Amino acid sequence: MNWTEPTTLTVTCGRGCTGALRRELAALGHPEARDFTPTALGIEGDLREALKLNLWLRTANRVLFEVAAFRARTPDELYAAATGLPWEEWIAPGSPFHLHGDAEAPGLRDPRFALLRCKDAIADRFVRKTGARPDSQSNPEGAACIALHWRDGVARMHLDTSGVPLSRRGYRLRPWIAPLRENLAAAILLESGWDPAEEAFAGPMCGSGTLAIEAAWFALRRAPGLHREHYAFQHLRDWPAADWRGLLEAARRRCLPMPAVPIHASDLDPRAVEIARDNADRAGVARWIRFAAADFRRAPLPAAPAFIAMNPEYGERMGLEEKLAPLYAAIGDDLKRRCAGMRAAIFTGNPDLAKRIGLRPSRRIPMWNGPIECRLLLYDLYAGTRDPRLLRKHAAP
Ligand SMILES: C[S@@+](CC[C@H](N)C(=O)[O-])C[C@H]1O[C@@H](n2cnc3c(N)ncnc32)[C@H](O)[C@@H]1O
């Protein structure tokens, strides 16, 4: 298989994160990214490019390598076209495969039926060409991954080069309440415009530590993929392993020896702090994060210029909202009292609670936490002047 042939690469992310993803793609040499859906952007590239995106993208879920697009009106037409594709040339011999995707067609009551027909097509093709039927499995771990998107009479088939979503970095093994997905935490940092060369970072409601750990990776210029060992592209036939080793080596060389700014993480609950430290240790950044168990009002903060990021609970359960209102009011008071000359980001899914903060955000960015529409609220906390350049200059310790 000639993997140097360019095709469409579809890069998926969480809803509300395409802005951050677009900026990442531009920084990686793709200013031309096109909007495909509210959760996907498209660029042109070959498999080596897909490998690079898997290694470097902080906000993406998957990188899909398109192998075919064809018209199909019925599941039988889908089967006929899919069985004509040279799967045995793309997937490594003996590898199991995993198929996922979505399908919408007139008369199709259950999209799983389309996926089943497509799975049969791939397996039957292998039998016809190699004499052996590959195992298909329901999870992406350890398998070649294929994605089907069938809509408006057009089916697109992709090799999913990521497999297990890139959001699962692998450092967060111990659970804590309402953790942010790792790539959502990274999108929050990118959308906020946090500058890891200039602004210290503090996460005073750190929970399992996701924001602080992503901040540390960002500050170290550490590629998120350096932490991960398995990708679905490793199950493609003759995948460019030497190129991958080169990309890993270059990414290791780009890592800074230490962050340029202090990174703080704290939580009221000492158990959360212990879990966050443990996760940071697995991510290789525990030594760069100053942990503390403290109420956010007493949490140690770095000197300005600094960026404070918080994801307080927002309580979907009845009654919880009233309980949380004083917490949000206290966040606003504390930002005013202790954080003059800094910037802050609050990520919340409850607009009424957000109003209790009592400060005017400079930006409100819609971002979804799974199915929940949330807002990333950004605040410039002025210290007597509204000119941020002057603030920077005068706020240094
Ligand atoms: C929604 S969780 C944060 C989850 C975190 N973003 C993550 O990815 O794991 C909210 C956190 O705020 C903490 N918290 C609640 N009240 C607090 C307070 N007064 N001071 C500091 N932390 C507090 C909770 O213990 C909890 O860990």
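This report looks at strand 1 and its partners, then at an open sheet and the helix on it.

## About the model

Residues are counted from 1 along each chain, following the sequence as written. The structure is a predicted model, in which local features need pLDDT of at least 70, side-chain atom pairs count only at pLDDT 80 or more, and totals for chains, interfaces and linings use all residues.

## Strand 1 and its partners

Let's start with strand 1, residues 7-13 (strands are DSSP runs of E with at least two residues, helices runs of H or I with at least four, both numbered from the N terminus). Of its 7 residues, 6 are buried, meaning that 20 or more other C-beta atoms, placed from the backbone, lie within 10 Å of a residue's own.

Strand 1 runs antiparallel to strand 3 (residues 40-45), with 6 bridges joining them; pairing requires at least two DSSP bridges between two strands. Here T12 has A40 as its bridge partner. Strand 1 also pairs with strand 4 (residues 60-71), again antiparallel, over 5 bridges, and there C13 sits opposite A60.

## The open sheet

Further along, 7 strands make an open sheet of mixed pairing, ordered 10-9-8-11-12-14-13. Strand 10 (289-293) and strand 13 (363-369) are at the edges with a single partner strand each, so one side of each has no neighbour in the sheet. From one strand to the next, the twist averages 20° (axes are lines fitted to C-alpha atoms, for helices over the stretch in contact, and angles between N-to-C directions run from 0 to 180 degrees).

Within this sheet, strand 8 (residues 200-203) and strand 11 (residues 306-310) run parallel, joined by 3 bridges; A200 has A306 as its bridge partner. Helix 9 (residues 270-282) packs on the sheet, touching strand 9 (263-267) and strand 10, and its direction makes about 160° with that of strand 10. Contact here means C-beta atoms, placed from the backbone, within 7 Å.

Notes: A residue is buried if 20 or more other C-beta atoms lie within 10 Å of its own, exposed if 12 or fewer, and partly exposed in between; C-beta atoms are placed from the backbone. Two residues are in contact if their C-beta atoms, placed from the backbone, lie within 7 Å.
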